[in-house]
Amino acid sequence: MSEDEDKTVDQLNDEADIAADYLEGLLDIVDYEGDIEMGIRNGRPVVQIVADDDSDIKHLIGKDGEVVNALQQLTRLAVQQRTGERSRLILDVDGFLTRKRKHIREEVLDAIDEVRETGEPVSLDAMNSFERKIVHDIVREEGLRSRSHGAEPQRYVTIYLKSQSSEDDEDDEDENYDDGEFITGLRPADEPDVRDAEDDADDVDGAEDTEDAE
């Protein structure tokens, strides 16, 4: 059971509130205009900074999400300092995670088409654990198989026909995965969260840590 599964909805909401306060302070310091929305998804607090006509907010994304990833770590530390507990809060900026997931899906579907047409495995470019987890999920949905190979930061996924893997060869979902699932259903920072624990439990948690089959 993950640490967040032991936390109540109120605790998760408190983490989101602390994160929102911290991020609002940062936005004031850099003089960026943006709205902050909060929610809970799959038992994890999520916070999103919405651009709201201020193009400067996009600077908080950075190349390939480097800045938003760093900002997420800082925000988690700020929450931990207040609560005394490790946080697995997810931060998104201007819908970056949603766009990233869509781009990866298009790339993976093209690769799946190639595998089906040629019968040969196709390897994708190196990806981080968040991106590889998205690939594994899509490949499974399409009825094919996938495995991760190599070492960070050059770890990559290869897609196979099912007949090219043994039946007991599980999809290799990276055990260090701890990044953001794409975020929906967030609320403005000044509105209460009305979702209950059962709503979140019904979601398929693409952001849970999974055991590496290798």
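Student: In what order do the elements of the protein run from the N terminus on?
Tutor: First, this is a predicted model, where local features need pLDDT of at least 70, side-chain atom pairs count only at pLDDT 80 or more, and totals for chains, interfaces and linings use all residues. Residues are numbered from 1 along each chain as its sequence is written, and side-chain values use heavy atoms, with hydrogens and water left out. Helices (H or I, at least four residues) and strands (E, at least two) are DSSP runs, numbered from the N terminus. There are five helices and seven strands, and the order is α-β-β-α-β-α-β-α-β-β-β-α.

Student: What share of the residues in the protein is buried?
Tutor: Buried means under 20% relative accessible area, exposed over 50% and partly exposed in between, with a 1.4 Å probe and protein chains only. Out of the 214 residues in the protein, the buried share is 48%.

Student: And how much of the accessible surface belongs to carbon and sulfur atoms?
Tutor: Areas here come from the Shrake-Rupley method with a 1.4 Å probe, and for residues only the protein chains shown count as cover. The accessible surface totals about 11200 Å², and the part belonging to carbon and sulfur is 45%.

Student: How far does helix 1 reach from its first C-alpha to its last?
Tutor: Helix 1 covers residues 9-30, which makes 22 residues. The expected span is 1.5 Å times one less than the number of residues, and that comes to 32 Å for this helix. Its buried residues include L12, I18, L23 and L27. The reach in the model is close to the expected value, at 32 Å.

Student: Which residue follows helix 1 with a positive phi?
Tutor: Its phi is near 60 degrees, and the residue is D31.

Student: Which strand pairs with strand 1 in the antiparallel sense over seven bridges?
Tutor: Two strands pair if DSSP finds at least two bridges between them. Strand 1 (residues 35-41) forms a hairpin with its partner, with two residues in between, and N42 in the turn has a positive phi of about 55 degrees. D35 stands opposite V50 of the partner, which is strand 2.

Student: Why is strand 2 largely enclosed, and how many of its residues are buried?
Tutor: Strand 2 (residues 44-50) has seven residues, and most count as buried, so the rest of the structure largely encloses it. Four bridges also join strand 2 to strand 3 (residues 90-93), running parallel, with I49 opposite V93. The buried count for strand 2 is six of the seven.

Student: In what order do the three strands of the open antiparallel sheet stand?
Tutor: Strand 4 (122-123) and strand 5 (145-149) stand at the edges, each with a single partner strand, so one side of each has no neighbour in the sheet. Strand 6 (residues 156-160) is joined to strand 4 by two bridges and to strand 5 by five. The order is therefore 4-6-5.

Student: Which residue of strand 6 is the bridge partner of R145?
Tutor: Strand 5 and strand 6 form a hairpin with six residues between the strands, where G150 takes a positive phi near 90 degrees. On the strand 4 side, S123 stands opposite T158. For R145, the partner is Y160.

Student: What angle does helix 3 make with strand 6?
Tutor: Axes are lines fitted to C-alpha atoms, for helices over the stretch in contact (heavy atoms within 4.5 Å). Angles run from 0 to 180 degrees between N-to-C directions. Helix 3 (residues 96-118) lies across strand 4 and strand 6, and its angle to strand 6 is about 40 degrees.
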